[in-house]
Each structure stands twice: as structure tokens, then as C-alpha cells.
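Colleague: I would like a close look at one part of this model. Please take me through the salt bridges.

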Amino acid sequence: MLGRAKEYWFVLTADALAWFKDEQEQDQKYLLKLDNCKLKETESSLISFAKKYTFAIYNPSAKYVFKDHKQLDLSCDMQEDCDSWKASFLRAGVYPDKSDDEVEAGTSGEIGTLDPQLERQVETIRNLVDSYIGITSKIIGDQVPKIVMHMLVLNIKECISSELLPRLYSETNQEDLMEESKAEGQRREEMLRMYHSSKEALQIISDINTKTVSTPVPPPIETDQDFAVSTAPPPPRPASSRQPSARAPPPRP
């Protein structure tokens, strides 16, 4: 756009061109309808566009195409991106201006033929070829490491079976190779002792479970009722009405 240049994320559809603040496509800045719009080559006077590939979109039937701007200047960093955008605009129905193209056909020749149908066919074939090349490159990139590892494993296996094993058997005694080391023997004995100890412990636990007689647990005491404990002294015993009998005096001598 004349007077200023900003970077936006553009999305081109079949009938409109929208640009957003970033790739998240949440903050839409503007939506430009492509009805009656044309495409033309341009050389922007902006300093930020000096080393970029530019083209413009304008509407010959309207005074302004975007707010108070007569044309919308777009730029790309690479020539391939610029050509791709032009082809995409052709598929969306935005064709180059014939008058400008006829004048500049002998010098620039960047847009190519004036037949829109032929341009769409060429672009379709180009997209199919690019897609096929991309799929083929992905398949090759996925299969080549697997094939390399497969060949490495096969070669190592063949080397071990044909060279390393015969050399190992010929230079060393086979009985020495199969002999158990002292450390492994001690470890094996420790594992056996642990196994027998665990087996004996399980047997003891099993005997205890089968021979132990258990009695049912008494029911719990209810603690909901409050028992009053009397702290008063016991009542006195009633007096007996029976008088003790008097003893007779002893006889005199």
C-alpha cells in the first residue's frame, strides 16, 4: 500500500483475499472482495520494497480498491513465491491487465500467456508435479535409512557367522569358554539358598494358617447408654432387737 508497508499473513480464497496480523489467523485486518479485480506488474517506490518482487491488485471499475488506496501493492522475498501468488490469483479469477501486459510483454514476460485457461492448466500440472516430487522425496527419505540399517545388520551378521565365530573357536578352548566363572557360581549358590529359604518360609506360613484355631471376636460393648455411678455412703444397718443374754456368775468354791 502506498505510503506505508507492513507484513501480514494473507489467505486467498476463491472470491476474496484476507490478511491477518499473524499466522494464528485470529485478528483479521481486512477482507478484500476480488470481483472485477485485475493483476499488474508494478515497481513500488517504498524503501522496504526496494529489494523485493512486487505486483499490484486494482479494480478498474472502482476508484479505490482498499480504503483510500487505488491499488494494493504486494511483495515477496523470492521470485518463486511471487510467481506462485500470481498463479493462485489466476485460479481465483484475478487476471492480468491485457493492456499493461501487451505493453510489457516484450520486456518482462513474467506473466506469460494471456490465456487464463491455459495458465490454470499449466499451474495445475505444476502443482501435481510438485506434489508428486514431494511425496517421492518423503518416501525415499523414509526408506533409505531403513535400507541402510538393513544392509548393515545383514553384513554384520554375515561377518560374525563367517569370520568371528571360526576365529574364536580356533584360537581358544571351547571348554574354557563354557566354564562357569567363580563369581557366577557364587551368585548361583546364593540364589539357590534364597529360593530354598523362601520356599521353607512359605511352607511354615501355610502350616500356621491351617493349624491355628481362631475364636470369634465378642461383640463390641455399647457405649451409647450412660451409666450413673453413685458415690453416696451405704445406708446404716438396722439395730437388732435381740438383747445379748447375761452370763451366770461362776460358782464360788
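Colleague: Start with E180: is E180 buried, partly exposed or exposed?

Modeller: Keep in mind that this is a predicted model. E180 is partly exposed, because its relative accessibility is 42% and the partly exposed class lies between 20% and 50%. Its partner is R188, and their side chains form a salt bridge with N and O 3.2 Å apart. R188 is partly exposed too, because its relative accessible area is 42%.

Why do such pairs form? Side chains of opposite charge can pair when their charged atoms come close. Here a pair counts if the nitrogen lies within 4 Å of the carboxyl oxygen. By this rule there are four salt bridges.

Now take E41 and K86. They form a salt bridge, and their closest N and O atoms are 2.3 Å apart. This pair links distant parts of the chain. E41 sits in strand β4, residues 38-41. K86 sits in helix α1, residues 79-91. The two are 45 residues apart. Both E41 and K86 are buried.

Next, look at K146 and D142. Their side chains meet in a salt bridge, 3.4 Å from N to O. Both residues lie in helix α3, which covers residues 116-171. They are four residues apart, about one turn of the helix. K146 counts as exposed, because its relative accessibility is 54% and the cut-off is over 50%. D142 has a relative accessible area of 42%, so D142 is partly exposed.

Terms used:
Residues are numbered from 1 along each chain as its sequence is written. This is a predicted model: local features need pLDDT of at least 70, side-chain atom pairs count only at pLDDT 80 or more; totals for chains, interfaces and linings use all residues. Side-chain values use heavy atoms; hydrogens and water are left out. Buried means under 20% relative accessible area, exposed over 50%, partly exposed in between (1.4 Å probe, protein chains only).
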